[in-house]
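Biologist: I'd like a quick tour before I head back to the bench. Can you walk me through what's shown here?

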Amino acid sequence: MNKWQGWRKIRYESELNPEFSSEIASIPGGDKLFSCIQCGTCSGMCPLSHYMDFTPRQIIAMIRAGLKGDVLSSYTTWLCASCYSCTVECPKEIKITEVMYAAKRLAIHEGVYPKRFPIPVLAGEFFKAVERSGRSSESWLLVWLYLKTNPLKMLGQAGLGLKLWLRGRLSLKKESIKHKDELHRILKALEKEYMVKRKEDLTPVEGRAA
Amino acid sequence: MSYVYFPGCSLKSTGRAYEESMVAVFAAIDQPLSELADWNCCGATAYMAISELKALALSARNLALAERQCQNAQKAEIVVPCAACYLGLNKANHYLSENGEVRGKIDQALKSARLEYSGRVRVRHPLDVLVNDIGLEKISARIKRPLTGIKVACYYGCQLVRPYAEFDDQHRPMTMDKLMTALGAEVVDWPIKTRCCGGSLTGTVPEVGQRLSYILLREAQKRGCQVIATACPLCQFNLECYQPEISRRYGEKIDISVAYFTQLIGLAFGLPQRQLGLHRLFVSVREPKLAPLAVEGSHVG
């Protein structure tokens, strides 16, 4: 590929996923996605947009077009730090941060997120810890994160760890709630509901994709 | 009235000083706080990325427990110092009252653990409570060592004012500015006070996350700021703990104290440094001078 072509890929209609936009739009208030006017305010407000492979505005357009694979494997959604700058400025009141979350959930659910990229790994470890004990133990969470992504990096952070330890800010105690059974029952009742609506309940809308 | 206090995971470890100073300040103004019994994780950002409903359910359990704890009280208010927990619990409240589908599923999940939540609990941030419930007048009356001559930048960060601006303006919040001015500090004009600190990206993708922290620190330092006042444990951690790494990475020496706003109130109240967790900071805050005693009935002409 020529350098000037950059990341742009040509997609044909047969490669599009017409259900994708409805899947994302199934979040509460998600329907507003279809009213996007592509003004780019979100990308302008986003403090992380110039580190992203696609800007938030492009992501919205790609979701509507049905470019499922490209959206779910992009770094953009994972770089979103959920600061909500885009959401509060969107003239069409699209909850862009929540759209990013929906894309993260789908990517994890379908196993297509960038592998060994620390952000989804952190999310996964955090989720497991809370599911188990009801609380997250910050120090252990970081240890697991480094072991799973880049163990050498952990050595680089040893100095910081020691400084925190000396000031009583690093605890190796494993935090847990008392009534774990209560929490487990609540979470079990919502098993497999990674989105509010299930995929089977969605009706893909013909011609809705931009 | 008494407030229920929700610490969240950070206030028990890296953000211990936030808990210590907040508890000390509330005690100093005789405002009781009772920690939520058996609280669990709020569901935060990372959890939201895996399951939205489960994240909301985690917050809903906390709200249900808080409601139970306030059973006999007229009002049910929960004070949440961590900005991420504050948003998490607030979001759950909003979703439960605005979306019938979410409400139905969460209610059912809570029921399976013999819990219920009517939606009565109001989620509050300590900054909001201290300035709008207690009031600056009462706080000013307690000052023993005004923060005179200390240049403070007030950092609100993101999730305290976005997406829900519950107690202040979304673009130009002033609550903390007013509080710091009342404490005697000199508030520096620092327009990026709601810009993102990088969140967890400072650790996961440092070349990106630490740039965001650096922008905040650099602009504060340029304005002669000595202390950045924060209202979130992650913001505090990012702006303080990565300073040596940031200085190396961007070739500029950054040396600014980053304290919790509650620590600064405590300092002005003249509370002992250890009680406020000031010994846990990497860059210590200069102790203000004792104010000249105002003798009752004396007249200074």
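Modeller: Sure, with one term up front: two strands pair if DSSP finds at least two bridges between them, where strands (E, at least two residues) and helices (H or I, at least four) are DSSP runs numbered from the N terminus. This is a predicted model, where local features need pLDDT of at least 70, side-chain atom pairs count only at pLDDT 80 or more, and totals for chains, interfaces and linings use all residues. Residues are numbered from 1 along each chain as its sequence is written, with chains lettered from A and ligands numbered from 1 in the order in which they are written.

Biologist: Which residue in S7(B) is the bridge partner of Ala153(B)?

Modeller: Strand S5 (residues 151–154) of chain B pairs with strand S7 (residues 227–230) of chain B in the parallel sense, over three bridges. Within S7(B), the partner of Ala153(B) is Ile228(B).

Biologist: And which residue in S6(B) is the bridge partner of Val152(B)?

Modeller: S5(B) also runs parallel to strand S6 (residues 186–187) of chain B, joined by two bridges. In S6(B), Val152(B) has as its partner Val187(B).

Biologist: What hand does the β-α-β unit of S5(B), helix H8 and S6(B) have?

Modeller: Point the strands away from you: if the path from the first strand over the helix to the second runs clockwise, the crossover is right-handed. With H8 (residues 175–182) of chain B as the helix, this unit is right-handed.

Biologist: Where in chain B is the pLDDT below 50?

Modeller: pLDDT is the predictor's confidence in each residue, from 0 to 100. Chain B averages 93, and 96% of its residues score at least 70. The pLDDT is below 50 over residues 294–301 of chain B.

How values were computed
Contact = placed C-beta atoms within 7 Å.
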